[in-house]
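Got the model open in your viewer? Keep the selection box handy, and follow the stops below.

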Amino acid sequence: MVSAQSVSSPPDPVRSTNDVADTAVARADCGPGSTPETGLQGDVPAADRDSGRSAAGYRCNLERLGGYAGRGGGITSTSYDHCAYMGSFFPGNLLGPAQGVQVLDVSDPANPVLTATLTEPAMLAGTWESLKVNAARKLLMGMGVPALTGAGLLSVYDISDCAHPRLLNTGPGSDLRLPLPITSHEGGFSPDGNTYWASGTAPGIVSAVDLTDPANPRVVWQGLPGLSMHGIGVSPDGNRVYLSNILGGITVLDASAVQRRDPDPQVPVVAELHWSDGWATQHSVPVSYGDRPYLFTVDEAGSGGVKLVDVADDAAPKVVNSIKLEVNLPQHQDSMLASASGGSLFAYDSHYCAADRPVDPTALACGWISSGIRVFDVRDPFDVREIAYYNPPAKKGQNTELWNSPHALASIIGVPVLEAGAVTQAIQQGVFDPAEALSPRSGMVAFGDLSTDWCFSPPEWRGNELWVTCADNGFMTLRLDPSTYTPPADQRSTVGS
């Protein structure tokens, strides 16, 4: 057991930016067979929600091949080889019929088949945003998170036979009598698969879990880099951890001592970068263009979208571009409020993204809450354009059937409270029109409906296919129009951890 350490830092490592991006990426040019959005880019207008139009969904150059709905898709899910793993959300997942994490064989993308359920304590307690795969070592791992923060539970599986995962750590982390000294909410692997970085939210304790022997996970470092930490990204060499700050921003940690397995590793803070354009920063996808390293860093709330962060000088990271949809812009926060009211806590925010390769990526696919799956051409990261989207059919009126959907549970609240900061900024800038913010849905302050879906998971690249899970529709296989996207020969789906 390792006791928590303070995190040392160099003098003045903190930087801030108050710039708010007010330009959206170019719209996709939708080809034949598309059923495009009817309003702003990314928006599901109030009229479409109330008329039932949103139950048909919207698609542009991206079609559904098949899926497995189950009772909802939890928060984030993951995949490996020809299999997918649907995250669990506590306590609804306990109602079954398939409790815990559901394992799908997707050998036939049009007809995914349930092959197993994982019912260790961590899987039953809800995996939140912790369920991750390391392909190099063929490991699946998740932590138990019954509420915003969990503690002690962690399970590691061998997925050499991906349709039938085999539990490796029958003792610490899986045996209720042998909890690990960790807090949990989100986490991810180092690229070599030897370390799993676990983070809690309140307090923001971060733990480095050694998986050299995956049957015996052990904590080798623990610290408190901030009061409220979120998801991560890890550099290709494992020496830098880009830790998300729920208040908006990232903290860069020097993890080289953990990577080397020094006897008493120290993990200093290299830099902090804070921003006010979005908050609840979710995770980072480390990529490089040429020899220059960048992050695609995602904000979960506040209409922050996805930021391109230059980390060539990791002691001075800086935001150099932003990816937003029209509905995320300050001048459209009034329209956002009109349509999102009555739909619960979230409005239209990015959540998890995947690049199609870590070096010179050509495309980025993101789960965008209530806006569906969005696909961007990022060959030039300073001139990004949207090329496709798929916003799945709304499951309005099916709340009681979707026991494993966080959307169904959270819909006891109707107001998109997580957008309060973005609305306030728009008011301060003088671009918010109260009349435009009103709609027939404005009075729905409680018991919001499922008039959109929440797409939290990263869409994983499989050639011209994307495998993804949304909260209400569950697991789906989607296919990109070949005229829209050509997979690079070295395609390798990359979520950053």
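Select E63 to begin: E63 is partly exposed, at a relative accessible area of 31% (buried means under 20% relative accessible area, exposed over 50%, partly exposed in between, using a 1.4 Å probe and protein chains only). Before you click on, note that this is a predicted model, where local features need pLDDT of at least 70 and side-chain atom pairs count only at pLDDT 80 or more, while totals for chains, interfaces and linings use all residues. Residues are numbered from 1 along each chain as its sequence is written, and side-chain values use heavy atoms, with hydrogens and water left out.

**Stop 1: salt bridges**

Now add R479 to the selection. The side chains of E63 and R479 meet in a salt bridge, 2.8 Å from N to O (a salt bridge is a side-chain nitrogen of Lys or Arg within 4 Å of a carboxyl oxygen of Asp or Glu). E63 sits in strand β3 (residues 62-68) and R479 in strand β32 (residues 474-480), so this pair ties together parts that are 416 residues apart in sequence. Helices (H or I, at least four residues) and strands (E, at least two) are DSSP runs, numbered from the N terminus. R479 is partly exposed, with a relative accessible area of 39%.

How many salt bridges does the rule give? The count comes to 20. Show R441 and D449 for another of them: the closest N and O atoms are 2.8 Å apart. R441 is buried at 0% relative accessibility, and D449 is buried too, with 11%. Add D50 and K396 to the view, and you have a network of salt bridges linking D50, K396, R441 and D449.

One more pair is R385 with D377, whose side chains meet in a salt bridge of 3.4 Å, N to O. Buried or exposed, what is D377? D377 is buried, with a relative accessible area of 8%, whereas R385 counts as partly exposed at 39%.

**Stop 2: a hairpin and its neighbourhood**

Select residues 279-289, which are strand β22. Ten of its eleven residues are buried, so β22 is largely enclosed by the rest of the structure. Bring in strand β23 (residues 292-301): β22 and β23 pair in the antiparallel sense over nine bridges (two strands pair if DSSP finds at least two bridges between them). Click V285 and look across to β23, where F296 stands opposite. Then follow the chain round the turn: β22 and β23 form a hairpin with two residues between them, and G290 in that turn has a positive phi of about 65 degrees.

**Stop 3: aromatic rings**

Display Y289, Y294 and F382 as sticks, and you see one aromatic cluster. Rings of Phe, Tyr and Trp (its six-membered ring) pair if their centres lie within 6.5 Å; planes under 30 degrees apart count as stacked, over 60 as edge-to-face and the rest as tilted. By this rule there are eleven aromatic pairs. Select W454 and F456 for an edge-to-face one, 5.7 Å centre to centre with 65 degrees between the planes. W454 counts as buried at 1% relative accessibility, and F456 is buried at 3%.

**Stop 4: a four-stranded sheet**

Colour β4, β5, β6 and β7. These four strands form an open sheet in the order β4-β5-β6-β7, with antiparallel pairing. β4 (78-80) and β7 (113-118) stand at the edges with a single partner strand each, so one side of each is left without a neighbour in the sheet. Zoom in on β6 (residues 101-105), which five bridges join to the antiparallel β7. Pick L104 in β6, and its bridge partner in β7 is L114.

**Stop 5: out to the surface**

Switch on the surface and select I412, I413, V415, V417, V445 and F447: together they make a nonpolar patch of about 560 Å². Patches are made of residues with over 30% relative accessible area and no salt bridge; like charges are joined within 9 Å, nonpolar side chains (Val, Leu, Ile, Met, Phe, Trp, Tyr) within 5 Å. The areas come from the Shrake-Rupley method with a 1.4 Å probe, and for residues only the protein chains shown count as cover. Finish on I412, in the loop between α5 (406-410) and α6 (420-429); I412 is exposed, with a relative accessible area of 53%.
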